[in-house]
Protein chains: 2
Amino acid sequence: MQRQARILLIGGGGIGTIVALNLERGAKARVSAVLRSNFETVTRFGYTIHSVDHGTLSGFRPGEILSAIPTVSDGVEPFDYIICTMKNTPDVTKPSLPELIRPAVTTGRSTIVLVQNGLGIQDTMMEAFPSNVVLSGISLCGSTESSPGVIHQIVPDELLVGPFPATHRPDMQQYEERAIASATDFVARYSASGKTSCHFDANVPMSRWKKLVYNATINPICALTGLDAGEIRICPGLLDHLVRPAMREILILANAHGYVLPDELMDEMIEGDPIELHVEPSMLVDKQRTQYLEVETLLGAPIRAGRSLNIETPILNMLYYLCKGIQYKTQRMISERDKN
Amino acid sequence: MQRQARILLIGGGGIGTIVALNLERGAKARVSAVLRSNFETVTRFGYTIHSVDHGTLSGFRPGEILSAIPTVSDGVEPFDYIICTMKNTPDVTKPSLPELIRPAVTTGRSTIVLVQNGLGIQDTMMEAFPSNVVLSGISLCGSTESSPGVIHQIVPDELLVGPFPATHRPDMQQYEERAIASATDFVARYSASGKTSCHFDANVPMSRWKKLVYNATINPICALTGLDAGEIRICPGLLDHLVRPAMREILILANAHGYVLPDELMDEMIEGDPIELHVEPSMLVDKQRTQYLEVETLLGAPIRAGRSLNIETPILNMLYYLCKGIQYKTQRMISERDKN
């Protein structure tokens with residue numbers, strides 16, 4: 001029998017917990033999870049999970065629970081995969097993500113899987129670990145942590161995994177072969193539970209632009225208005241005057257970069273989940289919880305990708321600066337809270 | 001000695017209370033105040049007021065405290081002035097403001113003073129009461145009610161009072177004479193306390209466009225981001241990329257309608273209050289309290305004034321639709337609350 005992969009999972013919130021549960025249930029991986037805010041609760045009681053894929057269960061614990069990133073040189077066995085599922089907020093997070101995970105990375109061996117949204121998230125990672133494979137993970141799962149250790153997964157898990165483009169690398173062909181092999185192996189392990197849908201993603205940039213049609217538009221508009229993704233559809237005027245015009249800017253950007261997305265994608269994204277599910281996009285949840293928004297990866301990066309081709313994006317720009325305003329307020333509130 | 005004017009004041013929040021206090025202190029008016037949320041508290045204990053103009057006082061009660069709009073035909077003595085200081089949210093408020101105050105209006109006698117922001121607020125009022133004078137009141141006072149009956153006035157009271165244009169009236173000249181006399185009388189009574197600054201406003205539309213430079217821009221941007229008017233000045237990028245471009249759209253609209261406002265007005269508005277005062281514009285306060293925003297009078301009306309001249313206002317439009325999103329959410333929350 002194939003050896004279990006040793007996986008380090010960073011971020012045990014809504015998505016991360018479902019990733020851990022699914023991998024453990026498939027039995028082709030053993031997950032060491034690094035938890036922060038819910039470490040105490042999960043260590044004592046395990047997770048309580050209400051999942052559309054796995055049913056309701058209580059007391060779930062990943063194979064190993066850690067309170068900090070482990071250092072592999074300290075006699076800790078190397079990790080085959082390091083999965084990052086936490087928020088990606090490079091504008092406000094210190095140390096940077098690569099510096100954070102560096103102690104756990106075994107050069108030439110650990111594959112880094114970024115289950116995070118947005119554009120350009122691989123750049124600093126590939127630069128920091130040139131001998132390691134960096135994979136893209138796009139999760140279509142809808143899951144939130146309502147209180148520490150309590151997870152509600154209301155949208156089925158669907159995960160796309162594939163290599164980020166390596167066109168800038170001198171060893172491009174060799175790297176791509178390794179990356180494809182690594183992604184294929186990961187997909188097999190993730191699919192082993194039989195409960196989820198995990199596919200190899202042969203065109204990562206296309207998939208990421210596609211997801212931005214939702215994430216750069218509905219996400220910030222929900223955060224700014226307080227409406228959920230269902231309410232956005234019934235609030236008079238909002239779709240025609242704001243949501244679709246913003247989505248169109250993403251289509252234009254994607255197209256200009258060679259990724260042709262059909263107009264119909266806009267309405268597919270808008271109508272993705274039933275209204276009555278009241279899906280709250282991640283930025284709305286972050287806003288409600290006074291957490292940082294993924295504004296640079298979801299809005300800043302596509303805007304800059306447009307600027308590099310002299311394409312203006314007035315609506316995305318406005319959403320960006322308004323979200324940066326929220327981010328600034330959050331920084332002040334967190335710094336105020338930390339003082340007390 | 002001149003007879004005291006009999007004044008009905010509708011809205012006893014931050015601004016209304018200072019209006020009542022100032023008029024009573026001047027002794028040239030007796031104020032009957034219609035209170036809603038704070039009626040019980042103020043009836044029992046009076047107001048506690050911390051005022052930059054009037055000092056700190058407790059137990060202040062207007063001459064008369066009412067829980068509802070009085071009906072003048074029921075043996076109630078006619079009112080010389082009816083001052084409206086409550087929020088103006090025609091998109092979500094039923095009955096309309098004219099219908100609300102109708103029972104208290106004595107035809108041909110009561111002057112209606114709208115101490116409210118925005119454009120076009122006089123239209124329905126002048127139509128409903130063609131035999132009555134309708135005056136514009138623009139308050140530059142900064143005052144909020146922190147809890148029922150507790151008022152903090154942190155920016156000095158300054159009130160501009162003048163007639164709305166009557167160019168559409170067949171009896172224009174005659175009406176204007178009456179309106180000017182009425183406004184002059186009101187200014188004298190309001191100035192009698194010696195504690196405040198109250199002036200006759202000879203160019204109401206100009207004053208209203210001028211105030212919109214702040215109210216159509218900083219107001220919604222604060223509501224959307226959570227930043228106060230001081231923080232907006234130090235949040236990187238916000239002034240250059242959002243606040244000033246939005247202000248410029250108002251300048252263009254005002255200019256097109258014949259009211260030339262200088263560019264310097266933008267920075268005057270931005271730098272109006274010291275950063276450390278942390279002034280919270282009314283829309284931000286309304287958002288925080290799950291109250292309706294004055295989105296139609298502050299944003300909808302100027303946008304429509306632009307559309308009538310084929311002037312596009314892309315930034316104001318976006319702020320408008322985002323604020324309408326907040327408004328829709330508030331409607332849902334209030335309707336949910338009322339069910340329980």
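**Exercise 1.** How much area do domain 1 of chain A and domain 2 of chain A bury between them, and what share of it is on carbon and sulfur atoms?

*Solution.* The model is a predicted one.

Step 1. Set the bounds: in chain A, domain 1 covers 5-202 and domain 2 covers 206-339.

Step 2. Place the two parts: their centres, taken over C-alpha atoms, are separated by 24 Å. The contact draws 25 residues from domain 1 of chain A and 26 residues from domain 2 of chain A.

Step 3. Read off the area: the two domains of chain A bury about 2000 Å² between them, with 57% of it on carbon and sulfur atoms.

Step 4. Assign the contributions: on the domain 1 side of chain A, 33% of the area buried against domain 2 comes from Lys87(A), Asn117(A) and Leu119(A), more than from any other three residues.

**Exercise 2.** Find how many salt bridges cross the interface of domain 1 and domain 2 of chain A, and describe one that Lys87(A) forms.

*Solution.* Step 1. The criterion is a side-chain nitrogen of Lys or Arg within 4 Å of a carboxyl oxygen of Asp or Glu.

Step 2. Under this rule, 2 salt bridges are found across the domain interface of chain A.

Step 3. Lys87(A) pairs with Asp286(A), and the closest N and O atoms are 2.9 Å apart, so the pair meets the criterion.

**Exercise 3.** Describe the interface of chain A and chain B by contacts, buried area and salt bridges.

*Solution.* Step 1. On the chain A side 26 residues are in contact with 26 residues of chain B.

Step 2. About 2400 Å² is buried between the chains, and carbon and sulfur atoms give 71% of this area.

Step 3. The rule finds 4 salt bridges across the interface of chain A and chain B. Arg332(B) forms a salt bridge with Glu231(A), where the closest N and O atoms lie 2.9 Å apart.

**Exercise 4.** Work out the strand order of the open sheet of 4 strands in chain B, and state which strands stand at its edges.

*Solution.* Step 1. The order in chain B is β4-β3-β10-β9, and the pairing is mixed.

Step 2. The edges are β4 (55-60) and β9 (142-147) of chain B; each has a single partner strand, so one side of each is left without a neighbour in the sheet.

Step 3. On average, neighbouring strands of this sheet are turned by 15 degrees against each other, direction ignored.

Step 4. The partner of β9(B) is reached through 5 bridges to β10 (residues 150-155) of chain B, and the two strands run antiparallel. Gly142(B) has Val155(B) in β10(B) as its bridge partner.

Step 5. Helix α1 (residues 14-26) of chain B packs on the sheet and touches β3 (47-51), β4, β9 and β10 of chain B. The direction of this helix makes about 90 degrees with that of β4(B).

**Exercise 5.** Locate the cis peptide bonds that precede Pro95(A) and Pro95(B), and the positive phi of His278(A).

*Solution.* Step 1. In chain A, the bond from Lys94(A) to Pro95(A) is cis, with omega near -5 degrees. Pro95(A) sits in the loop between β6 (81-84) and α3 (97-101) of chain A.

Step 2. In chain B, the bond from Lys94(B) to Pro95(B) is cis, with omega near -5 degrees. Pro95(B) belongs to the loop between β6 (81-84) and α3 (97-101) of chain B.

Step 3. His278(A), a residue other than glycine, has phi near 50 degrees. His278(A) is placed in the loop between α10 (264-270) and α11 (282-288) of chain A.

Definitions and conventions:
Residues are numbered from 1 along each chain as its sequence is written. Chains are lettered from A and ligands numbered from 1 in the order in which they are written. This is a predicted model: local features need pLDDT of at least 70, side-chain atom pairs count only at pLDDT 80 or more; totals for chains, interfaces and linings use all residues. Side-chain values use heavy atoms; hydrogens and water are left out. Two strands pair if DSSP finds at least two bridges between them. Axes are lines fitted to C-alpha atoms, for helices over the stretch in contact, and angles run from 0 to 180 degrees between N-to-C directions. Contact means heavy atoms within 4.5 Å. Domain bounds come from an automatic or database domain assignment. Buried area is the accessible area (1.4 Å probe) that two parts lose on being put together, summed over both.
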